[in-house]
Amino acid sequence: MKATARFSEDAIVRLRAEIKDAGGNEVMALGFLDDKGLVARITVSARGNEDTVLALLSDGGDAIPDVFIHNHPSGYLSPSENDIAIAGRAAEGGVGAFIVDNEVEQVYVIAEPIKRRSVKKLDPDRITGALEAGGAIARRLPAWEPRQSQLDMMHLVIRAFNDDAIAAAEAGTGVGKSFAYLLPAIHYAIENEERIVISTATITLQQQLFDKDIPLVAGALGSALSKKVKAVLMKGRGNYLCRRRLEDALREPSLDEGENAELYRIVSWAETSKSGSRSDLAFVPLEAVWSRICSEADMCMGMRCPERERCFVLALRKEAADARILVVNHHLLFADLAARQEGAGYDNTVVLPPYTRVVIDEAHTIEGAATSFFSKEFSRLGIYRQLGRLYRRRRAARGGLLIRLASLVRMEDKLDEGVAAIDKIRETADDLDSAAQELCGGDGVFRLVPARNEIAGMLFPLFIALRKKITALGEIIRDMLENVSPDDEDNPTVWEIKTIHRRLETIGGVCSSFIEYKERPTEVMWLERHGGGKTQGGEPWVVFTVTPVDVAPGLKESLFAPNKTVICCSATLTVADSFNYWSLRCGLNLIRERDVLTGRFPSPFPYASSVLLAVPADAPLPEEGNYQSFVDKAVTKLAAAAGGSALILFTSYQSLRSAYSIAAPELQEQGIRCLKQGDDDRSRLLSDFLNDESSVLFATDSFWEGVDAPGNTLRLVILCRLPFRAPNDPVFEARREALEKQGRSSFMELSLPESVMKFKQGFGRLMRRSSDHGVVVVLDGRILRKRYGEFFLKSLPETRTCFGELSDILRKAEEFLDR
């Protein structure tokens, strides 16, 4: 075939020159097609000799070629077996393979490249018009006012779709970032028949997008779209009921009558539920009940399941298969990305149907979400849960999968061995937990490092013993499973026991990681004490966790590199007007040879007239002895001056408890209700706060973000201390050390920027609507007396300020709130 049928003239000239420069030897080149299907751009990945060349199918960049090309200096273009094997592997990814002669006059096509579909570019003027005065969206919302920052962000998002680019957008509160990405995403999905995944960090935002924003946008666009847009909300499997496991639970009721009563309520609900989602239940099920009957990936029998025709998860996947917009959470997205990177590929349904374009909202959380997802952990309670499914007893009653398996294979004699092995695992897990609690001490955490090896030495024999006893139970289970007849291989009992066996082996693997921690420098092995509080109850327990030190390379390879468009947005992505910190932590800085677009879009809210930022000039430094007493006094007086309506944010429970003990009696005498984190679960605390305009909420870490309290509910935010991460945080400590080993400043590159990002989130709790007004007070003297304080102040929008003594701030705050 003539080369001109497959190459542009420029590409022929370029390839001919490359072959000549290589002395007429073999050259491996990567070709990129134009809109006509011709190879229009060439890059060389390898040069060889007269007979061979390395089959380097990448030039080290992020762009994926359309075709691999190499020359045969002999002029004989028939492919060798090696050529065909390489072409076969390439074809699995839709990449073609060509052989040419040295003059690039003839071409032999081993495998056809998949031609790019004609892409319909988005028209910026047409799409942004929907949000301008008189536009489709504006007509649906009577009080709508065009926001220039929203239109500017939409232009950035449109560029990212049109140019197959990555975009990072910091959109201040009130910009309306959801509409800024939804309009382009819906248009692109419909016009190009592509699936777009929108991922959020919180269920609240997921529901808002699916229930409110997407229907509003789709309805407003109406005839402007060539087709109706189908959107599907997807949660993790554990949120859905498994009918097969429900039937299994009914066949062997719990030994607890309360759990059984709840189980029958779920049975009644399941008969009419369309989704099987736990959130649709009229009550919150007990964890002990739901964990027995929810859908779990490793418990799923797939096409062998007797309930597959009525499966809630399968029905959801069918819905998702022809949806153009998928709304998911970060954990579900990472589960899908990890499976694809590990070999599941990018063209098939894995956890999600295939996609190449992603929008990540609340993108400031993706490092934390990825860290959580890629960590491995176990605890005494987790071991109890798995063992309890194998065998449990209460008084004379007993039950469990092991009893059923022994009956199925007629090996009742093995049951006693299995029960004895289970008891030994329980005993060892108890011993390990007790030793770990002692190590956690007053801080509640402990990290394994060589300097503490002697202190931690008591754990290693227990890890070895636990692993050994798990292996012993595994051998008993394997002996029993080997006697399962072919007719019973699909028996649910067999399936679930195999899964529990694998889970216990995974726990044994985590034990191995702890034992071998010195040989695993890219991971952190750490312990943390949980429970024992009012909301958790019971005895405390320790969680043993293995966490990757750096998730940036993994995010680059799984998220940014394989997808054509990735749009990341949040109200907090920059520090001192720079995206550098966030880019470093999430791997975006590792992207080469691809467009990365960034934009900062300021809030349209009138901060300059509606917010007073105050810092007491007489506030002590946190390390000074009178700091906590100053905080206790200031919190009490400020909340009283505001008449409640206050969110008081701390960085430690100890400081919270101290301030609460001083402030609560005095405030409650004035009729101001005081709520304290730890006295109830987060959702109920927040609900109580929102429903009582004069209340004061004392809270820590999780309340620095995700609190939306507009109007008079919240008029005062007190940030008691700059939110630097605690120095004993094991993962943070390991990440600091990793930077310092590279000769970099862990304070300037990690501690400070992370604290600034969280500080911005805390500040952002106050102003949620353009009509809101109030006061933010920072009680940490470092913000005025340390040079790095300016990083915090410069990261905030322009406001009114008061940097006088506490007495002046009390007076000015009261005057400001009474306007």
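Two strands are said to pair if DSSP finds at least two bridges between them, and strands themselves are DSSP runs (E, at least two residues, just as helices are runs of H or I with at least four) numbered from the N terminus. The structure on your screen is a predicted model, in which local features need pLDDT of at least 70 and side-chain atom pairs count only at pLDDT 80 or more, while totals for chains, interfaces and linings use all residues. Residues are numbered from 1 along each chain as its sequence is written, and side-chain values use heavy atoms, with hydrogens and water left out.

Begin by selecting residues 166-171, which form strand E6. Six of its six residues are buried, a word that here stands for under 20% relative accessible area, with exposed over 50% and partly exposed in between (1.4 Å probe, protein chains only). On one side of E6 you will find Ile-166, Ala-168 and Glu-170, and on the other Ala-167, Ala-169 and Ala-171, so placed that both faces are covered.

Next, add residues 565-570, strand E17, which pairs with E6 in the parallel sense over five bridges; here Ala-167 stands opposite Ile-567. Then add residues 596-601, strand E18, which runs parallel to E6 and is joined to it by six bridges, with Ile-166 opposite Val-596.

Finally, move to Phe-544 in strand E16 (residues 541-548). Is Phe-544 buried or exposed? It counts as buried because its relative accessibility is 1%. Leaving aside residues up to four places away in sequence, Phe-544 touches several others, including Phe-378, Phe-463, Phe-514 and Trp-526, where contact means heavy atoms within 4.5 Å.
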